[in-house]
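Me: I'd like a close look at a single part of this model. Start there, then work outwards until I can see what surrounds it.

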Amino acid sequence: MKNKNGFNGSINPKSLNGVNGHDTNGHVFEKGTEPESNYKNNKKPVAFSTHEAILTHKQIKEPHLNELYQLNAGIYHPTKPLPLPAFEGMPVPIPGGFCEKSGTTVIFDEDVHLNLGKPEYVRLLGQNSFETRDASSKLGARADPVGPATKYRSNFAFSGPFQLLSDAGIEVFRRIIQNSKVDMAGDSKSSRGNKRIIRGLYYSSKWVRDLQNSPKLRKFFEQIAGEELVPHPSFSNSPQVNISYAGGTKGPVDHWHWDSVAYTGVTLLSDMSQMKGGNLEICTVNKEVALEKIARGEHVEKQTVMYEKPGKMILAQGSEVLHHVTPVESKQERISVIFAFAPANCFQPAKNVLDTMRKLDAKHNLGDYEYFRENSWQALNVLEYYLKNVKYTNDGKALGRKLQSIGELLTYHGLVLEGKINDSFQVMDEEAGKLVTDFSDLNGGDSKNVEHEYVHLN
Ligand SMILES: [Fe+2]
């Protein structure tokens, strides 16, 4: 029986209260682990016998509470995007000079392929409501620059649609996707919702890579988000192309969730003017409050954000807002491109969730390697900052804490990689009306049974 919001009211509310291995942030702790490493009944710091890691329940639940970020709060140290890995042995091709996947030799040109237009408004994060800032407000339509007023975190929630690509840019991108359908297609079973996915274009298309590293674009994003952004170091995600099934979907294109990367920017490449459904809806209250309410079938304030026309982008701090995409009711194919970004500041978390990456990237199996690389890069930049900026002191205690904080963070990520900590989190299965942690089986209808056109050739 569905309630008025379309959700089954039979959800077990206990799943929100720290039983069954779930905490209130949706993290799941491994079953069958030793009592000392079982977090569900233990809010005190836990020492792993073999790793000497001191990790708290809170630190996993909220990355910002990690010692490294607490200790270095207030430091704004933007770093360069993560360099590409060695080409040899990579499961995806990394072409050099041209846009090979488009079948052309088009080189990205920010003056030709971009057509940047400012958003009319942005919404700012809040507990019970999201403030709207329009273009005529003091700062314009943008978040506060990171600083003491925002505790050095961006208060950006999401933007209204703004023009990103020129017509020429849209055309090149469509060709890249068309020519990437076969060898870059993700595992259809691993997507969350009714769609096919293409991943890994950051590696396989120099055009896409150059687009995301465009100085003009990065400056533009910084203005909106209040902090400098880099392409998310989990490159497989950036972008991910979602293609809804032609003929409509019975279930949502994407279920209620928040993202496993810090920032996301979504651009539609298909003409939506004739399309019914496929709307992005974003809850305008704290994400955890919103998820609990939706799971209980209660009303939640939300905003439908329209893309308006192809080539427009909606930028969001997707890790901090609960959102979903409604079912597509028309026969039109909906092609969306989801870019992922992270704070350039190495003292802010990129918020990668390895469990999600492993599921989404089941075809290329890059999740572990990317997780390893991005955390190595962060540590390298943190240590470089320490070397160049920490002034003389003989306070061994203070210096020791600085070193330990990066050590503990690396140990945490290492334990996640080893499978000793499960960092999965919950999403709403809108068809079943319950919260689930394994979204591999989410679809919302029988459309997954339809033979899909992307055949993996390698
Ligand atoms: Fe999302």
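Where does proline 239 lie?

Reply: Proline 239 lies in the loop between strand 8 (229-231) and strand 9. Helices (H or I, at least four residues) and strands (E, at least two) are DSSP runs, numbered from the N terminus. Two bits of housekeeping before going on. Residue numbers start from 1 along each chain as its sequence is written. The model is predicted, so local features need pLDDT of at least 70 and side-chain atom pairs count only at pLDDT 80 or more, while totals for chains, interfaces and linings use all residues.

Back to that loop: the peptide bond running from serine 238 to proline 239 is cis, with omega near 0°.

Strand 9 (240-243) leads on to helix 4, since strand 9 is among the elements that the buried residues of helix 4 pack against. The others are helix 3 (110-113), strand 7 (196-198), helix 5 (201-204), helix 6 (206-212) and strand 16 (335-343). Helix 4 itself covers residues 167-180, 14 residues in all, and reaches 20 Å from first C-alpha to last, close to the 20 Å expected at 1.5 Å a residue. (That expected span is 1.5 Å times one less than the number of residues.) Buried here are Gly169, Ile170, Val172, Phe173, Ile176, Ile177 and Ser180. A residue counts as buried if 20 or more other C-beta atoms, placed from the backbone, lie within 10 Å of its own, as exposed if 12 or fewer do, and as partly exposed in between. Looking down the axis of helix 4, the buried residues fall within an arc of 165°, so they line one face of the helix; the arc is taken from the directions from the axis to the C-beta atoms. As background, an α-helix has 3.6 residues a turn, so residues three or four places apart point the same way.

Helix 3 has a neighbouring loop to check as well. Asparagine 115 sits in the loop between helix 3 and strand 3 (121-124), and counts as partly exposed because it has 17 C-beta neighbours inside 10 Å. Its C-alpha is separated by 5.4 Å from that of leucine 164, 49 residues away along the chain. Leaving out residues up to four places away in sequence, asparagine 115 touches Gln163, Leu165 and Ser166, where contact means C-beta atoms, placed from the backbone, within 7 Å.

Strand 16 takes us into the interior. The largest nonpolar core has 70 residues, and Tyr263, Leu315 and Phe341 touch the most other members. Such a core is a set of buried Ala, Val, Leu, Ile, Met, Phe, Trp, Tyr and Cys residues joined through C-beta atoms within 7 Å. Strand 16 gives the most to this core, with 7 residues. Beyond its neighbours within four places in sequence, tyrosine 263 is in contact with Ala225, Leu229, Leu315, Ala316, Gln317, Gly318, Ala340, Phe341 and Ala342. A second, separate core of 15 residues includes Met357, Leu360, Ile406 and Ile421.

Ile406 belongs to helix 11, where Lys402, Ile406, Leu410, His413 and Leu417 meet a set of helix 10 residues including Tyr371, Phe372, Leu383 and Tyr386. Helix 10 (residues 367-389) and helix 11 (residues 396-418) pack at about 180°, with axes 10 Å apart. The axes are lines fitted to C-alpha atoms over the stretch in contact, with angles from 0 to 180 degrees between N-to-C directions. That makes helix 10 roughly antiparallel to helix 11; the label is for angles over 145 degrees, with under 35 being roughly parallel, 65 to 115 roughly perpendicular and the rest oblique.

Ahead of helix 10, in the loop after helix 9 (354-360), comes asparagine 365. Its phi is positive, about 50°, although it isn't a glycine, and with 12 C-beta neighbours inside 10 Å it counts as exposed. Tyrosine 152 also has a positive phi, near 65°. Tyrosine 152 is in the loop between strand 4 (131-134) and strand 5 (156-159), and 19 C-beta neighbours inside 10 Å make it partly exposed.

Zooming out, the protein has 11 helices and 18 strands, and 46% of its 458 residues are buried. Of the contacts with a separation of 6 or more, 78% are between residues 24 or more positions apart.

Conventions
Contact = placed C-beta atoms within 7 Å.
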